[in-house]
Amino acid sequence: MIDEAATTFEAVHGGRPTGMWAAPGRVNLIGEHTDYNDGFVLPIALPHTTRVTARRREDGRLRLYSAQGDGTVTDLSLDGLTPGVVASWAGYPAGVFWALAEAGHPVGGADLFIDSDVPAGAGLSSSAALECATAAALNDLYELGLTAPELALLAQRAENAFVGVPCGAMDQMASACCTDGAALFLDTRTLEQRHVPLDLAAAGLRLLVIDTRVKHDLGDGAYAALRAGCERAAELLGLPALRDLAVADLASALDRLPGELRPLVRHVVTENRRVLETVERLDRGGTAALGPILTAGHASLRDDFRVSCAETDLAVEAAVAAGALGARMTGGGFGGSVIALVAAGDVTAVSDAVRSAFGSAGFAAPVAFTAVPSAGARRVA
Ligand code: ADP
Ligand code: MG
């Protein structure tokens with residue numbers, strides 16, 4: 001892989017790269033739309049990664065080329081980097097340079113060649129993979145000595161302030177901090193994290209990821225509106241964040257809120273609870289028992305938070321009908337991917353059932369693959 005990347009690097013930038021860094025995409029097992037409410041999440045890293053082959057430049061220029069880009073090199077001056085100046089995909093890696101420099105880290109120019117097998121725009125966090133691989137490369141090239149969580153927060157800042165996407169910390173924390181064979185139980189308020197072992201094979205299970213290949217454009221503005229709705233509800237309840245509302249106080253809190261905010265609050269509060277329940281079950285080795293929690297989480301996203309769509313609902317429904325132990329949409333919503341917890345022997349039946357249901361509904365064929373909890377960002381060469 002490095003030889004091939006080094007050859008492309010040389011063709012694009014001339015000379016040899018210093019090294020190669022990789023950062024994964026992720027699926028979130030449970031805990032959706034909780035990260036910007038100071039809540040809990042439980043993602044795993046995918047085996048799919050974005051690789052950044054890189055070398056320092058001493059002239060303050062940033063040259064970016066992606067195998068998934070438009071075939072041209074984006075050439076920027078670090079001096080001129082401010083939010084809004086880079087409109088293309090290059091805003092993600094450029095934003096990481098900007099965030100590092102703005103935080104006072106002595107980062108200079110670089111040549112980057114990017115390649116990835118994380119599907120983009122599929123709710124699998126290709127954006128965080130790109131940011132975190134870039135951050136890992138710069139951390140080493142400029143000997144910044146930053147920890148994985150520090151790099152993740154700078155990557156999140158790049159996406160929030162440079163690219164302009166108001167995402168929470170989950171995607172970047174997952175891509176930077178996950179470990180092989182474990183889910184990352186993260187408290188997004190304190191950033192306290194625990195790696196919860198998840199050995200699907202030992203339990204006779206597989207995690208099927210179904211990319212519906214749908215991305216509804218309304219997602220972008222809707223995400224910001226949902227986030228604003230959650231923040232408004234917390235303010236009306238006199239709480240720092242919805243994380244601070246206990247399940248026991250939910251009913252009385254809902255009575256004090258305007259009707260349109262109630263389902264949002266109900267989703268966030270019950271979803272935080274589902275994360276804690278999932279972790280409890282995993283700690284007791286009850287992997288199969290996660291199924292119903294996943295499906296309940298999907299119902300909450302569909303009926304209360306209203307971020308699912310016909311394709312994700314159908315994938316969940318068809319997967320469960322074909323024998324999946326549980327299934328839910330993963331990621332921000334309005335399309336993207338669905339995960340299904342499936343007995344090892346049922347993988348083919350479940351993916352066939354989803355494909356056939358999509359065919360009958362007139363939807364484009366989904367792409368399904370199984371995933372195991374994989375490693376976070378790292379140097380690979
Ligand atoms: P997701 O993170 O779920 O994949 P996003 O919309 O957040 O979806 O990010 C997708 C965007 O990230 C792409 O449209 C592209 O601009 C950028 N991106 C991700 N991976 C790459 C890559 N390998 N090369 C170029 N751009 C990429
Ligand atoms: Mg993203």
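**Strand pairing and overall dimensions of the predicted model**

Strand β1, residues 19–28, is joined to β3 by 9 bridges, and the two strands run antiparallel. Within this pairing, Pro 24 lies opposite Thr 49 of β3. The structure described here is a predicted model.

Strand β3 also pairs with β6, which covers residues 109–116; 8 bridges connect β3 and β6, again in antiparallel orientation. One position in this pairing is Arg 55, whose bridge partner in β6 is Asp 111. Strand β3 itself extends over residues 43–57, and 12 of its 15 residues are buried, so the strand is largely enclosed by the rest of the structure. For this count, a residue is buried if its relative accessible area is under 20%. Strand β3 is thus bridged to β1 and to β6.

Another group of strands forms an open sheet. This sheet has 3 strands in the order β2-β7-β8, with antiparallel pairing. Its edges are formed by β2 (40–41) and β8 (193–197), each of which pairs on one side only. Strand β2 is connected by 2 bridges to β7, residues 182–187, and these strands run antiparallel. In this pairing Val 41 stands opposite Leu 186 of β7. In general, the strands of a sheet pair through backbone hydrogen bonds, in either a parallel or an antiparallel manner.

The strands described above belong to a protein that contains 11 helices and 13 strands. For a compact globule of 381 residues, a radius of gyration near 21 Å would be expected; the value for the protein is 21 Å, which agrees. The C-alpha trace spans about 60 × 50 × 40 Å along its principal axes. Of the 381 residues, 55% count as buried. Contacts were also examined by separation in sequence. Among contacts between residues at least 6 apart in sequence, 71% join residues that are at least 24 apart.

The surface and the charged side chains complete the description. The accessible surface of the protein amounts to about 14600 Å², and carbon and sulfur atoms account for 51% of this area. There are 30 positive and 45 negative side chains in the protein. The centres of these two sets of charges lie 2 Å apart.

How values were computed
Residues numbered from 1 in each chain as written. Chains lettered and ligands numbered in written order. Predicted model: local features only at pLDDT ≥ 70, side-chain atom pairs only at ≥ 80, totals over all residues. Heavy atoms only, no water. Buried < 20%, exposed > 50% of the residue type's maximum accessible area, 1.4 Å probe, protein only. Helix = DSSP H or I, 4+ residues; strand = E, 2+ residues; numbered from the N terminus. Pairing = 2+ DSSP bridges. Rg over C-alpha atoms; globule rule 2.2 N^0.38 Å. Contact = heavy atoms within 4.5 Å. Areas by Shrake-Rupley, 256 points an atom, 1.4 Å probe, with all protein chains shown as cover. Lys, Arg positive; Asp, Glu negative; His and termini not counted. Charge placed at Lys NZ, Arg CZ, Asp CG, Glu CD.
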